[in-house]
Amino acid sequence: MVKAKADGFSAGLLTPKETAAARALGAGDVEDLVRIPPRRYASPGPLRDLRHLSEGDDISVIATVERVRERAMKNRKGTLLDVRVCDDEGESIQLTFFLFKAHLVNWHMSRLREGTRVLVSGTVSRFRGENQIAHPDYLLLASDPSPEEARAVAAALEPAPVYPLRGAATQKLMRSLLSKALRHVDELRDVIPAAIRRERDLPTIAEAARMLHAPHDQTEVERALRYFRFEEAFVIQSIFARRRAQDVQDAAPQLGTYGDLSRALDGRLPFTLTSSQKDVGEQIAERIAAPHPTSLLLQGDVGSGKTVVALRAMVRAVDSGFQAVLLSPTEVLARQHYSTITSMLGDLARRGHLDAHESATRVRLLVGAQKASERRESLLDLMSGEAGIAVGTHALLTESVDFLKLGLVIIDEQHRFGVDHRRQLRSKGPGDLRPHMMVMTATPIPRSAALAFVGDLDLLTLEGRPREGADVSSFVVPLGDTAWRERMWERVLEEVHAGRQAFVVCPRIDPEDPAQAATPADPSGSEHPLHAVTPTLEMLRAKPGFDALRIEELHGRLPSDIKRERMEAFAAGDIDVLVATTVIEVGVDVPNASVMLVLDAERFGLAQLHQLRGRIGRGAHPGIAFFATQFSRQSAQHDGLVELASTTDGFALAELDLERRGGGDLVGDIQSGTSVAVRFLDVGRDARMILEAREDALVTEALSRGALTTSSLEAPSASEHDALDAAIARHSARGVDNLERS
């Protein structure tokens, strides 16, 4: 048997160099090795004769060497080796080798002697009106054809895997170690139960491994890839299925009371709820009234009204005798939520004050940078139950924070938190009760990505907007176009002089930050440093017209009290231009801000740029968004930004982002796990397969627990169950356990 991962590779299986190459790619045993996907396959052209060739044709031909000639290169040191070969039809072509070392010249000449038969593969090019193949691959053949030769030719024409390389590894080394690994694939256990493989027409792991790393043709490559994509989807969906099964077994508070506080809030809302807000609110109310913990993902586009939906759920928790907490990723956003919630509740949030409503509760803020006295009061109110609602950052996760009866946890911008963060809050329920969990995102996630990355959360979607607000016009500005660039800054000045405010967003804080390199070279071949907050602030303060404005910076490295003061000053209209990072991406509500300028916009995802654009046009004034890029109008980067500028539909942009950047970017920090753990799946391309794997994982889990007795599938055997357990552990070790989970 192949040794377990903990023991590494079997003694003597790999050389030290091969072992180092495998470990550099994250492979600790044969199980891991066979699941390293080739980047691509180098497929020789089809076997043919030399008639009717065109430039760019990939061909293979069996030919005989007619002439070999060496000559010095004219413009540089080295040797040009010309080899004329002729096929059986008498057609010839020249093979050209550019060689810079004498031993290579001697090596090729010793092999390519006149009269030698060779199998040649390469791409046809033209030189001085004649066809040639530069640096072809070739295989020496015997003087007479034989069955052995036919097998050798067939093997040479098979697709050759091209692997990712790390360190000093070469393709030859990688193919050698994978060849050795394939000798042991019959000892590997199948992760996908046999019943599912039959149902989905999938090969075994041994067959799939051989077809992936030693395919006979492209059909075998596709069949192998289908197996590994399904296996990956099945393991991930099995993780989700087990979590759902665990939820059913746990107890949760039943938050089903629509009491005085809920009625008072609904009666004083300054707007009418949209039909989508009502529908989603009813679904949430039904879920949190259940005796088992619910796990929800609430998504909605910019301005869809998620906050009021969340507040109504929190108030229902308070009416039911429990507490609710809203966790935000940044202090800026936490304070924004606290201000919004206390404003909407009014005297309903002033329990203990003379002017409080008779059904009032308290709302407490808990953030890292807080006076000791404020923190102490918040902790006491949460522990005693006086505060029904808490709003805060990671400070809510510390051991010193205790709740009397926590019943509902709401996490805003769910991608900013790890799994451990959410589990910490869910462990703070009273006794053996686990709070209900709802995570929110303003970055719409296409259904296929949601199933792949947050598949254990029930997806609820808010559609439309309670109020359309002012229109936002978007423009893409190539920074190399002086007229456009200067006009962009003029428009910022015009808006400020009209009494409004502006955001200027940069992708980095400090130009010396080694974590960020220069932008990729544009088609002209030049490279550009990324814009940073600090030099941009200095540039604007010195720029004619801007030198009289009130310009400040905002980013994550500033002390918390400074960040708070800056945001409060900007919201109060005391700052004209705020130069910031994406710390202002979500939650910032300044109705007077009418213009946003994003520098190096190509560095951000379309969904993220859409979020940034959502910070303007929130009041009565039309908004203007400028997406400035170092890339020219002929570039793909410019074209992508134009697509963003042409639509304000966040869901359409999310689908486009999914196609261009992959699912990881849609769910933020999740990519740090999935970039390692999800190697084969593409959530856009494989949406149907993910659905199939989800169905099979749910049924398999139910059959294993005895919760389902009739199915076209069979319950997995003990060995199949063990193999799946091991696969889940292996994926979790590589980061899949960081998939979104409450």
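**Salt bridges and buried elements in the predicted model**

R362 has a relative accessibility of 22% and is accordingly classed as partly exposed, where buried denotes a relative accessible area under 20%, exposed one over 50%, and partly exposed the range in between, as evaluated with a 1.4 Å probe on protein chains only. The structure is a predicted model, in which local features need a pLDDT of at least 70 and side-chain atom pairs count only at pLDDT 80 or more, whereas totals for chains, interfaces and linings use all residues. Residues are numbered from 1 along each chain as its sequence is written, and side-chain values use heavy atoms, with hydrogens and water left out.

The side chain of R362 forms a salt bridge with that of D381, at an N to O distance of 2.9 Å; a salt bridge is defined here as a side-chain nitrogen of Lys or Arg within 4 Å of a carboxyl oxygen of Asp or Glu. Because R362 belongs to strand β11 (residues 362-366) and D381 to helix α13 (residues 372-384), the pair ties together parts that are 19 residues apart in sequence. Helices (H or I, at least four residues) and strands (E, at least two) are taken as DSSP runs and numbered from the N terminus. In contrast to its partner, D381 is buried, with a relative accessible area of 8%.

A search of the whole structure yields 49 salt bridges, and one of them joins R200 to E695 at an N to O distance of 3.8 Å. This contact links distant parts of the chain, given that R200 lies in helix α6 (residues 194-200) and E695 in helix α24 (residues 687-705), 495 residues apart. The arginine of the pair, R200, counts as buried at 16% relative accessibility, while E695, with a relative accessible area of 48%, is partly exposed.

A further salt bridge is formed within a single helix, between the side chains of R491 and E495, with an N to O distance of 3.1 Å. Both residues are part of helix α16 (residues 482-497), where R491 and E495 are separated by 4 residues, or about one turn of the helix. An α-helix has 3.6 residues a turn, so residues three or four places apart point the same way. R491 and E495 are both buried, and they belong to one network in which salt bridges with shared partners join R487, E490, R491, E494, E495 and R500.

Burial was also examined for individual elements. Helix α7 (residues 205-213) is mostly covered, with 7 of its 9 residues buried, namely I205, A206, A208, A209, M211, L212 and H213. These buried residues pack against α2 (30-33), β1 (40-42), β8 (160-162), α5 (171-182) and α8 (218-249), contact being defined as heavy atoms within 4.5 Å.

Strand β5 (residues 117-127) is likewise mostly covered, since 8 of its 11 residues are buried. Pairing of two strands requires that DSSP find at least two bridges between them. With strand β2 (residues 58-72), β5 pairs in the antiparallel sense over 7 bridges, and I59 stands opposite G122 in β5. Strand β7 (residues 137-141) is joined to β5 by 5 bridges, again in an antiparallel arrangement, with L139 in β7 as the bridge partner of L119. The pairing of β5 with strand β6 (residues 130-134) is also antiparallel and comprises 4 bridges, F127 standing opposite E130 in β6. β5 and β6 form a hairpin with 2 residues between them, and R128, in the turn, adopts a positive phi of about 55°.
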